[in-house]
Amino acid sequence: MYHKEYLKQLERQNELIYLPNKKTDFYNGIYERWEHPVLTRNHIPLHWRYDLNPETNPYFIERLGVNAVFNAGAIELDGKICLVARVEGNDRKSFFAVAESTTGVDNFVFRDKPVILPDIYPNETNVYDMRLTKHEDGWIYGVFCSESRDENSSELSDAIAQAGIARTKDLNTWERLPNLNTKQGFQQRNVCLLPKFVNGKYAFYTRPMDGFIETGSGGGIGYGLVEDICNPVIEKETLTSIRRYHTITEAKNGSGAVPIETERGWLHIAHGVRNTAAGLRYVIYVFVTDLNDPSKVIAEPSGYLIAPLGNERVGDVSNVVFTNGAVAAKDGSVFIYYASSDTRLHVATSHIDRLLDYAFGNPSDPLRSADCVKQRCDLIDRNLEFMRKNPM
């Protein structure tokens, strides 16, 4: 016989999971925000957290707690949108779990068990932030952060980040490949794999870093080619979207969702970081690279696409939005899955046409206040002239 508290909590959880989501009144013409997060810690199945046997858990105590569910890779598979979410336990360790929905905006349900990755690196302590790539070679690749302690440092919190690689056909059974080896970047985070070969090679976007937190000499988002995915080595990284002083990418930037192929180029939904008196502020921004030369940026509108609003600013790491997953549907709809404050996962929806209009139609950052004023006054003058010729 189940504990009465289990039945009560199960009912509450089902109400949460099957709560219909709806668009908010937020408007900028580029995308829509949705009222409810699509995944939170309360979406995690109860039998992942509680011992359901009243004999061994008479007080129905949570045995293995979950602190947060966030940063999810995203893919369309078998008619459903599948998220490989980062689940962080109360013990601070993260693992991956697959949640599925037919709508993409609500009703996400986790599969029976978390993802089991082959354990081939004994020193690996933590894994997180998986990007999912449906590659033309027939595999689905998950590229994620593989973290281990820096054994050469006397500081207990010092760590080393590398890009882990695994592949699957169904998101159930995974084959672990060697970690990505980049010659220029001592550490790597926020790495993603392009879904198509470039000159017969696997194309990666990277983020070379001198340290675990600080980018150091890392100048932005890198790009490099791998000959053999089973021996993934990048000999040379070329910078694409670079960090710039007094911009949203001043402190660091990195790939977000796997780039989306469009007629006008590879559409990137990335993240930028700047430092503030309150700490690091993460936002999401857009740029486009050339279809034939994916290292070449051909459009990069000024400023951010998504920044934390309202309750999104509150959580374990405040004032942060971060994405590592987006899905482009056949009808051109785009689902952008973004986490807020390292705590919960949201969705924003748009369309390829709108995102491309934003990417190519919005001006780039002129990098100086005086030039920003000129840029804005030009818009105002054009609008005043339009209104003069077209009175309401």
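**Group meeting: a walk around strand β3**

Okay, let's start right in the middle: R86 has F96, over in β4, as its bridge partner. Keep that pair in view while we look around, and remember that this is a predicted model.

So what joins those two strands? β3 and strand β4, residues 94-101, run antiparallel, with eight bridges between them. They make a hairpin with four residues between the strands, and in there R92 takes a positive phi near 80°.

Now go to the other neighbour. Strand β2, residues 66-77, pairs with β3 as well, again antiparallel, this time over nine bridges. If you want one spot to click on, try V66, whose bridge partner in β3 is G89. β2 and β3 form a hairpin too, with two residues between them, and D78 in that turn has a positive phi of about 55°.

Is β3 itself mostly covered or open? Mostly covered: it takes in residues 80-89, and nine of those 10 residues are buried.

Let's zoom out. The chain has three helices and 25 strands. Of its 392 residues, 52% count as buried. The C-alpha trace spans about 80 × 55 × 45 Å along its principal axes. The radius of gyration is 22 Å, and a compact globule of 392 residues would be near 21 Å, so the two agree.

A couple of last things about the whole chain. Take contacts between residues at least 6 apart in sequence: 54% of them join residues at least 24 apart. And on charges, there are 44 positive and 51 negative ones, with mean positions 4 Å apart.

Key. Residues are numbered from 1 along each chain as its sequence is written. This is a predicted model: local features need pLDDT of at least 70, side-chain atom pairs count only at pLDDT 80 or more; totals for chains, interfaces and linings use all residues. Side-chain values use heavy atoms; hydrogens and water are left out. The radius of gyration is taken over C-alpha atoms; the globule rule is 2.2 Å times the number of residues to the power 0.38. Buried means under 20% relative accessible area, exposed over 50%, partly exposed in between (1.4 Å probe, protein chains only). Contact means heavy atoms within 4.5 Å. Lys and Arg count as positive and Asp and Glu as negative; His and the chain ends are not counted. The place of a charge is taken as NZ of Lys, CZ of Arg, CG of Asp or CD of Glu. Two strands pair if DSSP finds at least two bridges between them.
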